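Biologist: Before planning further work, I would like to go through this model with you. May I put some questions about its fold and its confidence?

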Amino acid sequence: MFPDPSEWRRCSRPRKHSLCDGQTVIGFDVGQIHMGRCVLKFNSARRPPISIVSWRMANLGTGTVALSATALVTRVKASPEEWTADYAVIEQQDRVNTKMIAMSHALQVCLMFNGVDDVSFASSACKFAVFRKMPGLDGTLIKGEPKSLSHAKRKKIRKQNSIDVVKAVLGELPYEEVAEFIHLLADTPADQRDDLADAFVYALAFIYKNEPAPEIVVVNNKKRKAHDHAGSNVAKRLVLL
């Protein structure tokens, strides 16, 4: 059911959830000809705690926002099952990019009409914060963005970080499950690869932020989180593409 207008502001606020096994998150990197879309399913029994449901790029045309929004509605109506999940995360746009702001809110409304009641926006500048606290996905993998650099250079670093995180996470999942997605990322043109990767990262970050608190176990008389005890070292397996 479409939320009451009084709840629209609430729907756009990021907030803490407690995910249950089997719940899905759809992440979006907003664009007209390069709109990345990724659906991940939460699975607490594995690390990383996900399985990939779908991951692809949408081309909504190069015309006006009105035409692209119409194309978006047509896509959603034609394949509603590909544009739904329990939660949705949309890339938050720079306030100067009014065209993409309009597209992001057109997407928000389409998702809510399609039954996704929980839609939030995530900042591109903060999307790696959760990964920096994790073993194997710390500063050794995610490069910093010094403020002394220009906006363009920081954005370039951010794009490469997204690709590196996705490669690393794919390397931790069973190969037979992700082979097609490894090839998808490799075969995507270089100027579109970060858009595809960003959609994945937004969904993945949401899952890491909102998964239930890990069980505390005792290892060698020291308390550790059960997640850490799994011994996963993602950074060492960044040898995919």
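Modeller: The exchange below takes up confidence, the sheet and the helix contacts in turn.

Biologist: Which element of the protein has the highest mean pLDDT?

Modeller: The model is predicted, and the protein averages a pLDDT of 82, with 77% of the residues scoring at least 70. Among its elements, helix α1 (residues 8-11) has the lowest mean pLDDT, 43. The highest, 97, belongs to β1.

Biologist: How many contacts beyond four places in sequence does the model have for residues 1-14?

Modeller: Residues 229-241 have pLDDT below 50, and beyond near neighbours in sequence that stretch has 29 contacts in the model. Over residues 1-14 the pLDDT likewise stays under 50. For residues 1-14, the contacts beyond four places in sequence number 22.

Biologist: Which are the edge strands of the open sheet?

Modeller: The open sheet has five strands with mixed pairing, in the order β3-β2-β1-β4-β5. On average, neighbouring strands are turned by 20° against each other, direction ignored. An edge strand here pairs on one side only, which is the case for β3 (50-58) and β5 (119-123).

Biologist: In β3, which residue is the bridge partner of cysteine 38?

Modeller: Strand β2 (residues 35-42) pairs with β3 in the antiparallel sense, over eight bridges. Cysteine 38 has its bridge partner in β3, and that partner is tryptophan 55.

Biologist: Which helix packs on the sheet?

Modeller: The helix touches β1 (24-29), β2, β3, β4 (87-92) and β5. Its direction makes about 145° with that of β1. The helix is α6 (residues 190-210).

Biologist: Which proline is joined to arginine 47 by a cis peptide bond?

Modeller: Most peptide bonds are trans. The bond after arginine 47 is cis, with omega about -5°. The residue joined there lies in the loop between β2 and β3, and is proline 48.

Biologist: Are α2 and α3 roughly parallel or roughly antiparallel?

Modeller: The axes of helix α2 (residues 65-78) and helix α3 (residues 98-113) come within 10 Å and cross at roughly 25°. Angles under 35 degrees count as roughly parallel. The two helices, α2 and α3, are therefore roughly parallel.

Biologist: How many residues of the contact of α2 with α3 are nonpolar?

Modeller: The crossing of α2 past α3 is right-handed. Val65, Ser68, Ala69, Leu72, Val73 and Val76 in α2 meet Lys99, Ala102, Met103, Ala106, Leu107 and Cys110 in α3. By class, one residue is polar and one is charged, and the nonpolar residues number 10.

Biologist: Why is α4 described as roughly antiparallel to α5?

Modeller: Helix α4 (residues 151-172) and helix α5 (residues 175-187) have their axes 10 Å apart and pack at an angle of about 160°. Because angles over 145 degrees count as roughly antiparallel, that angle makes α4 roughly antiparallel to α5. In handedness, the crossing of α4 past α5 is left-handed. The description thus rests on the angle of about 160°.

Biologist: How many charged residues are in the contact of α4 with α6?

Modeller: The axes of α4 and α6 come within 8 Å and cross at roughly 65°, and the crossing is left-handed. The contact includes Lys159, Val166 and Leu170 of α4 and Arg193, Asp194 and Asp198 of α6. By class, nine of its residues are nonpolar and one is polar, while the charged residues number four.

Technical notes
Residues numbered from 1 in each chain as written. Predicted model: local features only at pLDDT ≥ 70, side-chain atom pairs only at ≥ 80, totals over all residues. Heavy atoms only, no water. Axes fitted to C-alpha atoms, helices over the stretch in contact; angles between N-to-C directions. Helix = DSSP H or I, 4+ residues; strand = E, 2+ residues; numbered from the N terminus. Parallel < 35°, antiparallel > 145°, perpendicular 65-115°, else oblique. Left-handed = near helix turned anticlockwise from the far one by under 90°. Pairing = 2+ DSSP bridges. Contact = heavy atoms within 4.5 Å. pLDDT = per-residue confidence, 0-100. Nonpolar A, V, L, I, M, F, W, Y, C, P; charged D, E, K, R; others polar.
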